[in-house]
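Trainee: I've just opened this one and could use a guided tour. Can we go through it bit by bit?

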Amino acid sequence: MKYLLLLLVLAVVVLLLAAKRARPREPQPRTPAPPAPPRAMLSCAECGMHLPADEALPGKGGVFCSAAHRTSFEARQDPA
Ligand SMILES: [Zn+2]
């Protein structure tokens, strides 16, 4: 009778382990990094490179990726 109880306990443990193994924790679907909030993209009027609006340099005739491009663009627009 003592062994029966021991067997029962063992059976329960084995069943619990089996249940655990049979139903592995759902692999957490890796949530990708939250998408960056959409930023307005502008393209440089000189070279066409896209850049975030907050990094664009405003100039005559558009926005530019760099001061150099603004300078050369404006020089072409307004050759004086
Ligand atoms: Zn540019």
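Trainee: Let's go, then: how many salt bridges does the structure hold?

Mentor: Quick background first: this is a predicted model, where local features need pLDDT of at least 70, side-chain atom pairs count only at pLDDT 80 or more, and totals for chains, interfaces and linings use all residues. Residues are numbered from 1 along each chain as its sequence is written, and side-chain values use heavy atoms, with hydrogens and water left out. A salt bridge here is a side-chain nitrogen of Lys or Arg within 4 Å of a carboxyl oxygen of Asp or Glu. By that rule, the number of salt bridges in the structure is three.

Trainee: How far apart are the closest N and O atoms of D54 and R39?

Mentor: D54 and R39 form a salt bridge that links distant parts of the chain, 15 residues apart: D54 is in the loop between β2 (50-52) and β3 (57-59), R39 in the loop between α1 (2-22) and β1 (41-43). D54 is exposed at 60% relative accessible area, while R39 is partly exposed at 47%; the cut-offs are under 20% for buried, over 50% for exposed and partly exposed in between, with a 1.4 Å probe and protein chains only. The closest N and O atoms of this pair are apart by 3.2 Å.

Trainee: And which residues are joined into one network by salt bridges that share partners?

Mentor: R39 also meets E55 in a salt bridge, at 3.8 Å from N to O. E55 sits in the loop between β2 and β3, 16 residues from R39, and is partly exposed at 48%. There's also a bridge between R76 and E46, with the closest N and O atoms 2.4 Å apart, and it ties helix α2 (residues 67-77) to the loop between β1 and β2. The network made through shared partners, though, consists of R39, D54 and E55.

Trainee: Which protein donors does the zinc ion have?

Mentor: Donors are N, O and S atoms within 2.8 Å of the metal (3.2 Å for Na, K and Ca), and water is not among the atoms, so sites may look incomplete. Along the chain, the zinc donors follow the spacing C-x2-C-x17-C-x3-H. They lie 1.9 to 2.3 Å from the ion, and they are C44 (SG), C47 (SG), C65 (SG) and H69 (ND1).

Trainee: What geometry does the site of the zinc ion have?

Mentor: Four donors count as tetrahedral if all angles lie between 85 and 135 degrees. Ideal angles for four tetrahedral donors are 109.5 degrees. With angles of 96 to 119° among its four donor atoms, the zinc site is tetrahedral.

Trainee: Is C44 buried or exposed?

Mentor: C44 lies in the loop between β1 and β2, 21 residues from C65 in the loop between β4 (62-64) and α2. C65 is partly exposed, at 21%. C44 has 3% relative accessibility, so it counts as buried.

Trainee: Stepping back, what is the radius of gyration of the protein?

Mentor: Helices (H or I, at least four residues) and strands (E, at least two) are DSSP runs numbered from the N terminus, and here they run α-β-β-β-β-α. The globule rule, 2.2 Å times the number of residues to the power 0.38, gives 12 Å for 80 residues, and the protein is well over that, so it is more spread out than a compact globule. The C-alpha atoms fill a box of roughly 110 × 15 × 15 Å along the principal axes. The radius of gyration, taken over C-alpha atoms, is 33 Å.

Methods: Four donors count as tetrahedral if all angles lie between 85 and 135 degrees; four count as square planar and six as octahedral if opposite donors are over 155 degrees apart and all others between 65 and 115; anything else is irregular.
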